[in-house]
Every structure is written in structure tokens, then in C-alpha cells.
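Thanks for coming. I have a few minutes on one structure, so I will put it on the screen and then walk through the strands, the charged pairs and one helix.

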Amino acid sequence: MPGRRPIAAAKDCLCGLPAPYQDCCGRFHRGAAKAPTAERLMRSRFSAFGRGDEAYLLRTWHPATRPRLIGLDPATRWVRLEVLQSTDGSAFHTGGAVRFRAHYLERGRVGCLEEHSRFVVLDGAWLYVGPLGAGSGSP
């Protein structure tokens, strides 16, 4: 029907890129590939928050700053990601930063988390280190 979104689009990845989850962040989550850039890691982490994949979040968190547990709140539903800025973080870098807004619903209320995150390469894989500036949390 004209004006209707195809059913297949419902399977688009939560990270905001126009690809099905299995071909986008799903391959990172299941370990079939590593995120090639800091931004792709950030997007895959947002998607992991949305899917409740705590194991992936811990696996992609730098050991120097990684918590023992994350304790995801089942009442929080991550719904949309805006990448505002990405600095360095390519295959030619060993560090990078991504500034983003993560939109969520929690107990019927709309919320937004903004963070400027730091990422580094360790043993050939991009890892989340922590926030650079104001904000809290870490999708």
C-alpha cells in the first residue's frame, strides 16, 4: 500500500542505520565480527542496551573502567539514537570520541541521555572507556 512502511523495515537495527539487525549490530553481538570504528561500536552498544545484551556491553567495555555488573533496568526501553559528532575513531586511529543522544522510555516517561564518550583500541578491538564530559550512563 502506498505510504506504508514495509514489514521488513520493522527488523531494522535499533542503532539507526538502515540495515536489518542481523546484518548490522547483530553480527557484532554474536561475535561474528568486530566493530570497525568507534562510532560503530557506540551504535552496537546502544543496540545492545535496547536488546538487554549485558554480556556484549561488558565485553566491549575497557577493563580499566568496566563495572562488574551493569544491572539493566527492564522498565527502560531504548528507542532512538542520534549520533551528534564522531572524532577520530577510524581504522587508522587508536582512539576516538563519539557524542550522542540516546532516547528512551521509562515507566511511560520520555527521556534522553546525552554523552560524549571515549573509545580506544585494545588488542585489535574498539572498547568503550567512559564519558568525556557532562552526562551519565553509557549506551
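Start with one pair of residues: Trp 78 stands opposite Tyr 104 in β2. Keep in mind that this is a predicted model.

The pair belongs to a larger arrangement. Strand β1, residues 76-88, and strand β2, residues 95-106, pair in the antiparallel sense over 11 bridges. Between these two strands the hairpin has 6 residues, and Gly 89 there takes a positive phi near 80 degrees.

Now the other partner of β2. Strand β3, residues 109-122, pairs with β2, again in the antiparallel sense, over 12 bridges. To find your place in that pairing, look at Val 98, whose bridge partner in β3 is Ser 117. The hairpin of β2 and β3 has 2 residues between the strands, and Arg 107 in this hairpin takes a positive phi near 50 degrees.

A general point before the charged residues. In a regular strand, side chains alternate between the two faces of the sheet.

How many salt bridges does the structure hold? There are 6. I will go through some of them.

Arg 107, which we met in the hairpin, is in one: its side chain meets that of Asp 73 in a salt bridge, at 3.3 Å from N to O. That pair links distant parts of the chain, since Asp 73 sits in the loop between α3 (54-59) and β1, while Arg 107 sits in the loop between β2 and β3, 34 residues apart. Are these two buried or exposed? Asp 73 has 30% relative accessibility and so counts as partly exposed. Arg 107 has 62%, and counts as exposed because that is over the 50% cut-off.

The next one is between strands. Glu 82 and Arg 101 meet through their side chains in a salt bridge, 3.7 Å from N to O. Glu 82 is in strand β1 and Arg 101 is in strand β2, 19 residues apart, and this pair too links distant parts of the chain. Glu 82 is partly exposed, with a relative accessible area of 23%, and Arg 101 is partly exposed at 27% relative accessibility.

Arg 101 also forms a salt bridge with Glu 114, where the closest N and O atoms are 3.0 Å apart. Here the link runs from Glu 114 in strand β3 to Arg 101 in strand β2, 13 residues apart. Glu 114 has a relative accessible area of 32%, so it is partly exposed. Which residues end up in one network through shared partners? They are Arg 80, Glu 82, Arg 99, Arg 101 and Glu 114.

Last, the helix. α2, residues 38-51, has 14 residues and reaches 20 Å from its first C-alpha to its last, close to the 20 Å expected at 1.5 Å a residue. Where does α2 sit, enclosed or not? Of its 14 residues, 11 are buried, so α2 is largely enclosed by the rest of the structure. Among the buried residues are Leu 41, Met 42, Phe 46 and Phe 49, but also Arg 40, Arg 43 and Arg 45. What do the buried residues of α2 pack against? They pack against α1 (25-29), α3, β1, β2, β3 and β4 (125-131). After α2 comes Gly 52, with a positive phi near 75 degrees.

That is what I have. Thank you.

Methods. Residues numbered from 1 in each chain as written. Predicted model: local features only at pLDDT ≥ 70, side-chain atom pairs only at ≥ 80, totals over all residues. Heavy atoms only, no water. Pairing = 2+ DSSP bridges. Helix = DSSP H or I, 4+ residues; strand = E, 2+ residues; numbered from the N terminus. Salt bridge = Lys/Arg side-chain N within 4 Å of Asp/Glu carboxyl O. Buried < 20%, exposed > 50% of the residue type's maximum accessible area, 1.4 Å probe, protein only. Expected span 1.5 Å × (residues − 1). Contact = heavy atoms within 4.5 Å.
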